[in-house]
Amino acid sequence: MTLYKGYPVYNRLTVFVISILFGGLGIDRIYIKEYMTGLLKFITFGGFGIWYFLDIFHLALGKKIGSNKYYWTCELPNSKMNCDNESKMIKTSMLYLVIFLFLFFMYIYPWGNMPVLKKDDPYKDSAISNS
């Protein structure tokens, strides 16, 4: 593990991908050595989904999740990575994720097949109209 000023260094894109795939289970927090919050996130299934999405959005905006006791690789001096380019990659990945989730849920629950009540429906108001 790489250390800088006594703190671990992580690749932001790696943490982002782990957070998307396994963030609901707290694996992203365990990866950055925050074991207690990782366990709490695991027990609550990603904070009932809220904590999961907050972590993804924080990472997409370039913020750190959990404590700030670590560095991104792009923050190191003499780093070949640029934080701005990495942020653009993450924001583009986030856009693709939102589009994918939208299309996925539209496929699961197609809004076009919802039943519609017609005006001349013979069964309309026929519950007790014969009395």
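**Group meeting: core, sheet and helix packing**

I will start with one side chain. Phenylalanine 16 touches Ile56, Leu59, Ala60, Ile90, Ser93 and Met94, leaving aside residues up to four places away in sequence. Bear in mind throughout that this is a predicted model.

Phenylalanine 16 belongs to the largest nonpolar core, which has 16 residues. Within that core, Val15, Phe16 and Trp72 touch the most other members. Which elements give two or more residues to this core? They are α1, residues 12-22, then α5, and α6, residues 83-108. The biggest share comes from α5, which gives 4 residues.

Now the overall layout. The protein chain has 6 helices and 3 strands. Reading from the N terminus, the order of elements is β-β-α-α-α-α-α-β-α. The protein chain has 131 residues, and 29% of them count as buried. As for contacts, take those between residues at least 6 apart in sequence: 54% of them join residues at least 24 apart.

Next, the sheet. The 3 strands form an open sheet in the order β1-β2-β3, with mixed pairing. At the edges are β1 and β3, each of which pairs on one side only.

Take the β1 side of the sheet. Strand β1 covers residues 3-4 and strand β2 covers residues 7-10; the two run antiparallel and are joined by 2 bridges. Leucine 3 stands opposite proline 8 of β2, and tyrosine 4 has tyrosine 7 as its bridge partner in β2.

On the other side, β2 runs parallel to β3, residues 71-72, and again 2 bridges make the connection. Here valine 9 has tyrosine 71 of β3 as its bridge partner.

Back to the hairpin of β1 and β2, which has 2 residues between the strands. Lysine 5 sits in the loop between β1 and β2. Its phi is near 55°, which is a positive value in a residue other than glycine. Is lysine 5 buried or exposed? Lysine 5 has a relative accessible area of 63%, so it counts as exposed, the cut-off being over 50%.

There is another residue to list under positive phi. Phenylalanine 45 also is not glycine, and its phi is near 55°. This residue lies in helix α4, residues 45-48. With a relative accessible area of 61%, phenylalanine 45 is exposed.

Last, a helix pair. Two packed helices are described by the angle between their axes and the distance between the axes. For helix α3, residues 35-43, and helix α5, residues 50-60, the angle is about 130° and the axes are 9 Å apart. How do α3 and α5 lie relative to each other? An angle over 145 degrees would count as roughly antiparallel, and 65 to 115 as roughly perpendicular. The angle of about 130° falls in neither class, so α3 and α5 are oblique to each other.

Which residues make this contact? From α3 they are Thr37, Leu40 and Lys41, and from α5 they are Trp51, Tyr52 and Asp55. By type, the contact of α3 with α5 has 3 nonpolar residues, 1 polar residue and 2 charged residues.

To sum up, α5 appears twice in this talk: α5 packs against α3, and α5 gives the most residues to the largest nonpolar core. The sheet is open and mixed, with β2 between β1 and β3.

Note on methods. Residues numbered from 1 in each chain as written. Predicted model: local features only at pLDDT ≥ 70, side-chain atom pairs only at ≥ 80, totals over all residues. Heavy atoms only, no water. Axes fitted to C-alpha atoms, helices over the stretch in contact; angles between N-to-C directions. Parallel < 35°, antiparallel > 145°, perpendicular 65-115°, else oblique. Contact = heavy atoms within 4.5 Å. Nonpolar A, V, L, I, M, F, W, Y, C, P; charged D, E, K, R; others polar. Pairing = 2+ DSSP bridges. Core = buried A, V, L, I, M, F, W, Y, C linked by side-chain atoms within 4.5 Å. Buried < 20%, exposed > 50% of the residue type's maximum accessible area, 1.4 Å probe, protein only.
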